[in-house]
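Trainee: I've got a structure open and would like to talk it through with you. Can we take it one question at a time?

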Amino acid sequence: MANSIYDCAIVPFKKIHNRAGNLTVVEGLKNLPFEVRRIYYLYDIPGGESRGGHAHKRLFQLIIAASGSFDVLLDDGENKKVVTLNRPYFGLMVVPWIWRELLEFSSGAICLVLASHKYDERDYIRDYDEFCKMIV
Ligand code: TYD
């Protein structure tokens, strides 16, 4: 059941450069190892706020700083690491059973999330102590 934070990786995407601007493509099951069934984004995040603070049982996610920057704290109950996202052509793939917190949002940051499943509150573990008990 338990996964490791080392299963969560930065995925580099191709930047299609053009003098009129850049373009990056993410295509489920092509350059991303899961089918994308849902997209959501966080924006207008007030200074000092944090998001996340939960784990998922089966959801895979790709987290992208579409604009600005923020940190993602990953925690598998044993190890923790902080990943800074600040380029729209890098995504952080987060596997199931990883506690995550998003923090240190820059002003105007946009956090784009591509998810492997539709929204299902039953997939969430929102209590950290419960998470730690469930992964042993
Ligand atoms: P939540 O996942 O807790 O936000 P975050 O992890 O960014 O802090 O979701 C916040 C609220 O939005 C919660 O009431 C559930 C709702 N929500 C949906 O209805 N659909 C979704 O796809 C998501 C991600 C959240």
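Mentor: Sure, but let's settle one term before we start: a residue is buried when its relative accessible area is under 20%, exposed when that figure is over 50%, and partly exposed in between. Keep in mind that this is a predicted model.

Trainee: Then is Gln61 buried or exposed?

Mentor: Start with where Gln61 sits, which is strand β4, residues 61–67. Its relative accessible area is 2%, and the cut-off for buried is under 20%. So Gln61 is buried.

Trainee: Which residues does Gln61 touch, leaving aside its neighbours within four places in sequence?

Mentor: Contact here means heavy atoms within 4.5 Å. On the list for Gln61 are Phe34, Tyr40, His56 and Arg100, along with Leu92, Met93 and Val94. The rest of its partners are Val113, Leu114 and Ala115.

Trainee: Leu114 turns up there, so where is Leu114 found, and is it buried or exposed?

Mentor: Leu114 is found in strand β9, which covers residues 110–115. Not counting residues up to four places away in sequence, Leu114 touches Val26, Leu32, Phe34, Val36, Arg38, Ile39, Phe60, Gln61, Leu62 and Ile64. Its relative accessibility is 6%, so Leu114 counts as buried.

Trainee: How far apart in space are Leu114 and Met93, C-alpha to C-alpha?

Mentor: Along the sequence, 21 residues separate Leu114 and Met93. In space, the C-alpha to C-alpha figure for Leu114 and Met93 is 9.3 Å.

Trainee: What about Val11: buried or exposed?

Mentor: Val11 has its place in strand β1, residues 9–12. Leaving aside neighbours within four places in sequence, Val11 is in contact with Asn31, Leu62, Tyr89, Phe90, Gly91 and Met93. With 16% relative accessibility, Val11 counts as buried.

Trainee: And how far is Val11 from Glu130 in space, C-alpha to C-alpha?

Mentor: Val11 and Glu130 are 119 residues apart in sequence. Going C-alpha to C-alpha, the separation of Val11 and Glu130 is 30 Å.

Trainee: His117 isn't in a strand, is it in a loop, and which strands does that loop lie between?

Mentor: Let's look at its surroundings too: leaving aside neighbours within four places in sequence, His117 is in contact with Arg37, Arg38, Arg58 and Leu59. At 19% relative accessibility, His117 still counts as buried, because the cut-off is under 20%. As for its place, His117 is found in the loop between β9 and β10.

Trainee: Which sign does phi take in Asp44 and Glu104?

Mentor: Asp44 lies in the loop between β2 and β3, and at 70% relative accessibility it counts as exposed. Glu104 lies in the loop between β8 and β9 and is exposed too, with a relative accessible area of 57%. Phi is near 55 degrees in Asp44. In Glu104, a residue other than glycine, phi is near 60 degrees, which is positive.

Trainee: On to the cysteines: how many disulfides does the structure hold?

Mentor: A disulfide needs a pair of cysteine sulfur atoms within 2.5 Å. For Cys8, the nearest cysteine sulfur is that of Cys111, 14 Å away. Cys8 counts as buried at 3% relative accessibility, and Cys111 counts as buried at 0%. The number of disulfides in the structure is zero.

Trainee: Zooming out, in what order do the elements of the chain run from the N terminus on?

Mentor: The chain has one helix and ten strands. Reading from the N terminus on, the order is β-β-β-β-β-β-β-β-β-β-α.

Trainee: What radius of gyration does the chain have?

Mentor: For 136 residues, a compact globule would come out near 14 Å, and the chain agrees with that. Its C-alpha atoms fill a box of roughly 50 × 35 × 25 Å along the principal axes. Of the 136 residues, 38% count as buried. The radius of gyration of the chain is 15 Å.

Trainee: Last one: how far apart do the centres of the positive and negative side chains lie?

Mentor: The accessible surface of the chain is about 8000 Å², with 50% belonging to carbon and sulfur atoms. There are 17 positive and 17 negative side chains. The centres of those two sets are separated by 9 Å.

Technical notes
Residues are numbered from 1 along each chain as its sequence is written. This is a predicted model: local features need pLDDT of at least 70, side-chain atom pairs count only at pLDDT 80 or more; totals for chains, interfaces and linings use all residues. Side-chain values use heavy atoms; hydrogens and water are left out. Buried means under 20% relative accessible area, exposed over 50%, partly exposed in between (1.4 Å probe, protein chains only). Helices (H or I, at least four residues) and strands (E, at least two) are DSSP runs, numbered from the N terminus. The radius of gyration is taken over C-alpha atoms; the globule rule is 2.2 Å times the number of residues to the power 0.38. Accessible areas come from the Shrake-Rupley method with a 1.4 Å probe; for residues, only the protein chains shown count as cover. Lys and Arg count as positive and Asp and Glu as negative; His and the chain ends are not counted. The place of a charge is taken as NZ of Lys, CZ of Arg, CG of Asp or CD of Glu.
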